Amino acid sequence: MEKIDKLYDELEKYQNVLYRIKQEGFDYCFKHYSSWKEIEDETFHKLRQDYLDISSALVGYVNGKIMEIQDNIDEEQ
């Protein structure tokens with residue numbers, strides 16, 4: 001494959017990611033739609049994994065706070 005063909009192929013892959021973000025939403029795009037294995041970019045995959053880790057931690061934190069507050073409400077009743 002010629003260099004220009006590789007560049008167009010890479011461009012198309014990133015355009016697809018952006019399209020999916022806009023169509024499916026950011027969270028769904030990275031959590032459920034695809035792992036984007038066709039993209040050969042270590043930084044992209046590190047950032048994607050960081051996003052998944054942080055979003056999971058945030059959901060866990062919010063769920064923990066809900067349980068904590070509910071327990072406090074139960075104790076006050």
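Here is a short walk through the salt bridges and one helix packing in this predicted model.

Let's begin with the charged pairs. A search of the whole structure turns up five salt bridges, and three of them are worth a visit here. In helix α1, which spans residues 3-24, Lys13 and Asp9 sit four residues apart, about one turn of the helix. Their side chains meet in a salt bridge, 3.1 Å from N to O. Lys13 is partly exposed, with a relative accessible area of 23%, and Asp9 is partly exposed too, at 30%.

Further along α1, Glu24 pairs with Arg20 in a salt bridge whose closest N and O atoms are 3.1 Å apart. Four residues, or about one helical turn, separate these two. Glu24 is partly exposed, at 33% relative accessible area, whereas Arg20 has a relative accessibility of 18% and therefore counts as buried, the limit being under 20%.

Now step into helix α2, where Asp27 and Lys31 lie four residues apart, about one turn of the helix. They form a salt bridge of 3.5 Å, N to O. Asp27 is partly exposed, with a relative accessible area of 32%, and Lys31 is partly exposed at 32%.

How does α2 sit against α3? The axes of α2 (residues 26-33) and α3 (residues 42-76) come within 11 Å and cross at roughly 105°. That angle makes α2 roughly perpendicular to α3. On the α2 side, the contact is made by Phe26, Asp27, Phe30 and Lys31, and these meet Phe44, Arg48, Tyr51, Leu52 and Ser55 of α3. By class, this contact has five nonpolar, one polar and three charged residues. Asp27 and Lys31, the salt-bridge partners, are thus also part of the contact with α3.

Terms used:
Residues numbered from 1 in each chain as written. Predicted model: local features only at pLDDT ≥ 70, side-chain atom pairs only at ≥ 80, totals over all residues. Heavy atoms only, no water. Axes fitted to C-alpha atoms, helices over the stretch in contact; angles between N-to-C directions. Parallel < 35°, antiparallel > 145°, perpendicular 65-115°, else oblique. Contact = heavy atoms within 4.5 Å. Nonpolar A, V, L, I, M, F, W, Y, C, P; charged D, E, K, R; others polar. Salt bridge = Lys/Arg side-chain N within 4 Å of Asp/Glu carboxyl O. Buried < 20%, exposed > 50% of the residue type's maximum accessible area, 1.4 Å probe, protein only.
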